[in-house]
Every structure is written in C-alpha cells, then in structure tokens.
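Student: Please take me on a close look at the aromatic rings in this structure. I'd like to see who sits with whom, and then what lies around them.

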Amino acid sequence: MNLADMLSYADIGQLTTIASHYQCQCKRNSKHELIQSILVTLNRREFIAQQVNTVSLQDLRFLNSVLFDSRSFYSVEDLAAVVRQTTFDLPANEVHETPREAIARYKRSGWLFNGMTSSTKYLFQMPSDLKDRFRAELGHTLKRKVVKSGEPPVYREEQDLCAEDLMYMLKYVNQQEIELNQEFVMYKRYQQQLMDMFHVSEPLLTKGGWRFGYGRSFNAYPNRMALLYDYAFYYRYIEENGSRLELSGKGAELLESGTKESMVQIFRFWLKLYKSAIPNLASLVYWTGECAKEWVTAASLHDALGWLIKPFYYDTAESILNERIIAMMMHLGLIRIGESPESGMVLKMTAFGQKLASKSLNLGSGELEPLIDKS
C-alpha cells in the first residue's frame, strides 16, 4: 500500500502529528488538507535526499533493515529488535531513546503506519512507494562513495565450483570409511584428503582462536568447506552415524543422478546460514551488487558499506565484509576479485552475481532452525 492510501486511512491525530513534524502549513482540523499538505511535502523530489543526508546512522540502519524485509507488517517487538540492532556504536555512558521512543518518532516522520483492519491495527507497515524511493536514494548515496578501478592484470573467479566440490565431497564420503572424533568432526587426514580433491583449497584450521556463529561445523572446518559440509548435512546427503560419516540414501541418489546442486540453492543456504551473525546480509549482498557493477576498490566498498555492519564478537565490520561476505560471494560465483598495482584489492560482480543480488532480499528469507553451532 502506498503513502497516499495509508494517509487516507490514518486518523486525524497521526496526520496532525506528521504535519507538525514537517511544519506543514494547513488547517489542522481538515483531514483532506492535512493529507494534501503531507503528500506535497513528502513527495517533493528533494525530500528523500534530505532525509537520507540528515538523519542519523542509526535511523539509516533502521531504514535499511525495513527496506529489505519482505514482511508486510511488523509488531512492536519486531521493530524494537530492529532498533536495538542499529545502536551498536553509540556510547554506553550516554542516555539514548528507547526502542519504543524511536518507533514513535518514526510514526511522526510518516515512515510507519498502523494497519487498517481489526487484525492489523496494532501492527505497523511502511508505505511501498516510500520504500522504493528510500532504496533508490540510499543506492545513489552508497555508489557515490566507491572508487572505480581499471581491470586488474589477473583476477580470480570461481563460478559454479562450489556445486562441483559438493559432488566431490559426496563421492569421497561414499568411497571412504571416514572416522569422526568425539565432537563429530572428521580427523585431519580425512579433511586434507578431501581438500586435495576440491577445486578450491583452504588451509585446515589450527588450534586456537574462536570459531562460531556461521554454521554448525564452522568451528571445525575452513569457511568454504564448512559451508559445503553444512549444506550436505542439512539436506541429509550425509549422516553422522556414531563415529562414522556416511552417505545417506538421498545422497546416493544425487550421486547416481550426476546432477549438480543449483548454485542459487547454495547461495540461498549461505544467506540463511550466516543470517544469525549478519542479520542484514541480504541487503549487503544487494548493495555490493549495486556498488560493484564495475571494478571498484575493496577499501572504498568498505567505506561505503562498513557502517551497516554490526561487529560480531571478535569479527570487526571490516573482517566481516572481507572474509564472511566478499570472500564467500567469490566462492559462490557472485564476485571476481583481483589485485591492482595502484589500488590494491579490487572486485567486480559477475553477471550471475548481479542477477542474484537483485533478488537477494527475497532469497534470504527464512531460517535454518535445525542447523545450529556444535559449539
């Protein structure tokens, strides 16, 4: 529902509050005049740009979360949770508005409206046309911050290698008697043998350091291998039977068919798997797609998007962007990464990546409840 529709359903109390917030010049006892005055103010071409350029980073993070949320309605609790995720860089010793105070302010701003039916009157929604305009303007702002680069002498691209290595994993499990330790983790000799079969090699983990939050087996295996293992385990292609890792009947059927898994499906799985640690991952994939349609420097991409990323324990915003997002997007075939003599690390979305990034806000919905950290 668009802004005009929501204003027509809003009571005169909220209309008066919005009109006062924007200092609209109109009769406050006329609902028609209030609606027309608010529409004129909020539909001005420069209005959205002024909002994006003048509101706080916390408000922009809130907007970003709502813009990429496929839900039509939000409860107070839903919105309060979003607000709490936006305030991670505020000084702890300062007094800040509560989530409910922030929600009330967003209502005064005309960003949020109550539902129109008896079942939705205590829920909130954002006008669809306002969402579209905010998304477009925020995109313009972010793209202005990235620095373009020429094509590097060499670059790395992995296309559909994840799907091929997943099949290699199933073949290896089928051919070998793989022993698991007490934590249901493959011993290092099996990990290395499997890694030697993969198109893309990663160093095995050494003891020390923290590993949690990015999937069930993230604490046991390197990033890409952990993703493939969790995917195979979640879709029941492999089974942990006591001290053995075995191919399931479903996995045997997939192997026999010779049909590789869809990279879109693996991408969807990655979005859901990393969502608990990076709640706004889908939007970050989208904005990376918008900012890196041409070769851009990784440093400038961090400048453009880093403020949207909430640190996760010992993972900084920069390490999350570089290691959890950009590196994994390359493994999933979404990004090319190169090294420029002048600009350092540079990157560019692939055609496949552009296609998925544009759809990422819908592909990222849902949860993977059965798949939790072993730690």
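Tutor: Search the whole structure, which is a predicted model, and you find 26 aromatic pairs. Let's start with Phe68 and Trp287, which meet edge-to-face: their centres are 5.5 Å apart and the planes make an angle of 75°. This pair ties together distant parts of the chain, since Phe68 sits in the loop between H5 and helix H6 (76-85), while Trp287 belongs to helix H14 (residues 281-291), 219 residues away. Are these two buried or exposed? Phe68 counts as buried at 9% relative accessibility, because the cut-off for buried is under 20%. Trp287 is buried too, with a relative accessible area of 1%.

Now compare that with Trp270 and Tyr274, a tilted pair with 5.8 Å between centres and 55° between planes. Here the partners are close along the chain: they're four residues apart in helix H13 (residues 263-274), so about one helical turn separates them. The general idea is that an α-helix has 3.6 residues a turn, so residues three or four places apart point the same way. Trp270 is buried, with a relative accessible area of 0%, and Tyr274 is buried at 1%. They also have company. One aromatic cluster takes in Trp210, Phe212, Tyr214, Phe218, Phe267, Trp270, Tyr274, Phe312, Tyr313 and Tyr314.

Let's go back to Trp287 and ask who else is around. Which residues does Leu138 touch, leaving out residues up to four places away in sequence? They are Val52, Asn64, Trp287 and Trp307. Leu138 itself is in helix H8 (residues 128-143), and its relative accessibility of 3% makes it buried. One of its contacts, Asn64, is in helix H5 (residues 57-67) and counts as buried at 1% relative accessibility. Setting aside neighbours within four places in sequence, Asn64 is in contact with Leu138, Asn280, Ser283, Trp287 and Leu308. So you can follow a little triangle by eye: Leu138 touches Asn64 and Trp287, and Asn64 touches Trp287 as well. Not everything is that close to Leu138, though. Its C-alpha atom is 35 Å from that of Trp210, 72 residues apart along the chain, and Trp210 is one of the members of the aromatic cluster.

Next, swing the view round to the strands. Four of them form an open, antiparallel sheet, in the order E3-E8-E9-E7. Strand E3 (155-156) and strand E7 (296-297) are at the edges with a single partner strand each, so one side of each has no neighbour in the sheet. Walk across it from one edge. Two bridges connect E3 to E8, with Tyr155 opposite Gly338 in E8. Six bridges then connect E8 to E9, and Ile337 has Leu347 in E9 as its bridge partner. A hairpin of three residues joins E8 to E9. Finally, two bridges link E7 to strand E9 (residues 344-349), and Thr297 faces Val346 there. Why is E8 largely enclosed by the rest of the structure? Five of its six residues are buried. Across E3, strand E8 (335-340) and E9 lies helix H16 (residues 317-331), running at about 115° to E8.

One more helix is worth a stop, as it has two contrasting sides. In helix H12 (residues 249-257), the buried residues are Gly251, Leu254 and Leu255. Look down the axis of H12 and these residues fall within an arc of 100°, so they line one face of the helix. Glu253 and Glu256, on the other side of H12, are exposed. What do the buried residues of H12 pack against? Their partners are helix H9 (161-175) and strand E6 (244-247). Just after H12 comes Gly258, with a positive phi near 75°.

To place all this, zoom out. The protein chain has 17 helices and nine strands, and 51% of its 375 residues count as buried. Its C-alpha trace spans about 80 × 50 × 45 Å along the principal axes. Of the contacts between residues at least 6 apart in sequence, 66% join residues at least 24 apart. Phe68 and Trp287, 219 residues apart, give you a pair to picture for that sort of long link.

Key. Residues are numbered from 1 along each chain as its sequence is written. This is a predicted model: local features need pLDDT of at least 70, side-chain atom pairs count only at pLDDT 80 or more; totals for chains, interfaces and linings use all residues. Side-chain values use heavy atoms; hydrogens and water are left out. Buried means under 20% relative accessible area, exposed over 50%, partly exposed in between (1.4 Å probe, protein chains only). The arc is that of the directions from the helix axis to the C-beta atoms. Contact means heavy atoms within 4.5 Å. Two strands pair if DSSP finds at least two bridges between them. Axes are lines fitted to C-alpha atoms, for helices over the stretch in contact, and angles run from 0 to 180 degrees between N-to-C directions. Rings of Phe, Tyr and Trp (its six-membered ring) pair if their centres lie within 6.5 Å; planes under 30 degrees apart count as stacked, over 60 as edge-to-face and the rest as tilted.
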